[in-house]
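Subject: Structure handed over, with findings

Dear colleague,

Please find the structure below, together with its sequence. A written account of the findings comes after it.

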There are 2 protein chains.
Amino acid sequence: MSVEVISETKAHGGRQLVVKHASAATTTDMVFSIFLPPQAETRDCPMLWYLSGLTCTHANVTEKAEYRAACAEHGMIFVAPDTSPRGPDVPDDPEGLWDFGQGAGFYVDATQAPWATHFNMWTYLAEELPALIAAEFPADMTRQGISGHSMGGHGALTMALGLPGQFKSVSAFSPIVAPSQVPWGRKALNHYLGPDETTWRRHDTVAMIEDGARLDELLVDIGDVDPFLDKELKPELLEAACRDAGISLTLRRQPGYDHSYYFISTFMADHVRWHAERLR
Amino acid sequence: MSVEVISETKAHGGRQLVVKHASAATTTDMVFSIFLPPQAETRDCPMLWYLSGLTCTHANVTEKAEYRAACAEHGMIFVAPDTSPRGPDVPDDPEGLWDFGQGAGFYVDATQAPWATHFNMWTYLAEELPALIAAEFPADMTRQGISGHSMGGHGALTMALGLPGQFKSVSAFSPIVAPSQVPWGRKALNHYLGPDETTWRRHDTVAMIEDGARLDELLVDIGDVDPFLDKELKPELLEAACRDAGISLTLRRQPGYDHSYYFISTFMADHVRWHAERLR
């Protein structure tokens, strides 16, 4: 594996890197950002994954989410991958919309043409990128947490449920919790996985819990004026599934907050601290 | 005066607004952002002005500078104006570069054609925008501080020196301190104010101090790997002028930091606290 450091910038006493590498999983170049707190100069540190939402690259969270001060305080590495393969040879939404295709990989391995060639974000994030990070950076891979926003909240929850033991702490901002039941998710899963909805269940948080997958505990923040709350997010479905399964869910409906990075940045330090406590 | 609230978003317990209004000073529409901390819901709050650098609008600092948590903690309003008039009828750099014209107003009232019609950022910020904010927002105008970055650091210092008593606290990130002596400044002042360099002195921090303008004290952070340090910023000229004038300058050369918002965001909370202590 070889990596190209596109940029390295000192921030909050640590180093904010943007890194490019050739991915075998997606057969494209992929870009991610990684923040190394000052503690990482002298020892391996726990690591928080942050999976981004529709349309985002690594850059949105890196520039807007205000995680570096908290990560420097707690000695936490923060990794922000891209949301899909990209490039002129990568297929994109046939409708020309922003909710599918490039920028909208939905954290699955696609099985359907023309998507299956490149859209393998599950394997990229479950196997390839962790191996690259373990080889190249001072991350303690026995202490990984995962979070994400919206489509990335879906990614964080499904990866934590689907890879038992890999993540010791899990949280999400405004996650899509039941993609099989909402427009964004149904469009994406139908394209990527095909019309047999039984194949969708292992990429649907609520269905995975119904089918027996378990987490110990889970922190979710969601704004109560989020414009996607009722149509796409449906946190009440996660509440019901966790209640039935005995999963300890802390769901905070934050009054007056929307779906934006103004919301995420407000509660990011809380999430970093929550993960740090569980990754000690 | 009438204002149009373009967006209002809850963040860190307060409200981040972006506001548009017709400006008499620039004879264009102008856009600024203003963060109202939670304390502003029930009382008038002190206010920190932040003047941005070359190419920036209100948006760069609003999205990237990580000021809201500190402003919410200290009950501080944060105002971020644009850096120039803009629009298809506003003239721009004849060379097509980014260091002059739109996005580069240099916080002066231009006297030369074709700039004098619109490029009146001094009057806009010294008179028009404060009056608008006093009328529309819960700001305690007896407790104003000012800061800024690069060209905006120049703006903050020259406004504080040129408007005695208006600002009770002054700081800057990576300021241009002697525009008459550096390429960015000489290009801009020559275009806006004409070739008679005596007219430049009241828009040049070092010259203003040499000519008798005074501040009580001043906080300046600057990165020691800032690529513009030696050619455009020249902090040693500010150090010498303050020393000769008996101005209390706290100049911190921050090791490993550059000119970017990663640098600014690292030290923003320090600056907000520094202003808050002086605006109590």
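The paragraphs below take up the relation of the two chains, their interface, one helix, two individual residues and the salt bridges.

Please note at the outset that this is a predicted model.

Relation of the chains

Two copies of a chain are related by a rotation about an axis and a shift along it. In this model, a turn of 180° with a shift of 0.0 Å along the axis lays chain A on chain B, and the RMSD is 0.0 Å. The two copies are therefore related as by a two-fold rotation axis. Within chain A, Lys64(A) has the C-alpha nearest the axis, at 2.7 Å from it.

The interface

Contact between the chains involves 20 residues of chain A and 20 residues of chain B. Of the interface residues of chain A, 100% are also interface residues in chain B, so the copies meet through the same surface. The area buried between chain A and chain B is about 1,800 Å², with 50% of it on carbon and sulfur atoms. Three residues, Lys10(A), Glu66(A) and Tyr262(A), supply 38% of the area that chain A buries against chain B, which is more than any other three residues supply.

As to polar interactions, 4 salt bridges are found across the interface of chain A and chain B. There is a salt bridge between the side chains of Lys64(A) and Glu63(B), with an N to O distance of 4.0 Å. A further search across this interface finds 8 residue pairs in polar contact, both residues being at pLDDT 80 or more. Strand S1 (3-11), helix H1 (58-64) and helix H9 (261-278) of chain A each supply at least two residues of the side that touches chain B. The largest share of that side, 4 residues, comes from H9(A).

Arg68(B) has its place in helix H2 (residues 68-74) of chain B. With a relative accessible area of 2%, which is under the 20% cut-off, Arg68(B) counts as buried. Leaving aside neighbours within four places in sequence, the contacts of Arg68(B) include Glu66(A) and Tyr262(A) from chain A, and Ala11(B), His12(B), Gln16(B), Phe35(B) and Thr62(B) from chain B.

Helix H4 of chain A

Helix H4 of chain A has 12 residues (residues 151-162), which at 1.5 Å a residue should span 16 Å; the end C-alpha atoms are 16 Å apart, in agreement with that expectation. Since 11 of the 12 residues of H4(A) are buried, the helix is largely enclosed by the rest of the structure. Among the buried residues are Met151(A), His154(A), Leu157(A), Thr158(A), Met159(A) and Leu161(A). The cover over the buried residues of H4(A) includes strands S4 (45-51), S6 (139-148), S7 (169-173) and S8 (217-223), and helices H3 (121-136) and H6 (205-210), of chain A.

Thr28 of chain A

Thr28(A) belongs to strand S3 (residues 28-36) of chain A and is buried, with a relative accessible area of 11%. The side chains of Thr28(A) and Thr26(A) are joined by a polar contact of 2.7 Å. Beyond neighbours within four places in sequence, Thr28(A) is in contact with residues including His21(A), Pro85(A), Arg86(A), Val90(A) and His118(A).

Salt bridges

Over all chains, a search of the whole structure finds 37 salt bridges. One of them joins the side chains of Lys187(A) and Glu95(A), at 3.1 Å from N to O. This pair links distant parts of the chain, 92 residues apart: Lys187(A) is in helix H5 (residues 183-193), and Glu95(A) is in the loop between strand S5 (77-81) and H3 of chain A. Lys187(A) is buried, with a relative accessible area of 15%, whereas Glu95(A) is exposed, with 53%. Both residues are members of a network of salt bridges that also includes Asp93(A) and Asp99(A).

The side chains of Arg252(A) and Asp221(A) form a salt bridge of 2.7 Å, N to O. Here again distant parts of the chain are linked, with Arg252(A) in strand S9 (residues 248-254) and Asp221(A) in strand S8 of chain A, 31 residues apart. Arg252(A) is partly exposed, with a relative accessible area of 26%, while Asp221(A) is buried, with a value of 0%.

Yours sincerely

Conventions. Residues numbered from 1 in each chain as written. Chains lettered and ligands numbered in written order. Predicted model: local features only at pLDDT ≥ 70, side-chain atom pairs only at ≥ 80, totals over all residues. Heavy atoms only, no water. Least-squares fit on C-alpha atoms with pLDDT ≥ 70 in both. Contact = heavy atoms within 4.5 Å. Expected span 1.5 Å × (residues − 1). Buried < 20%, exposed > 50% of the residue type's maximum accessible area, 1.4 Å probe, protein only. Buried area = accessible area lost by both parts, 1.4 Å probe. Polar contact = N/O pair within 3.5 Å; in protein donor to acceptor, adjacent residues only side chain to side chain.
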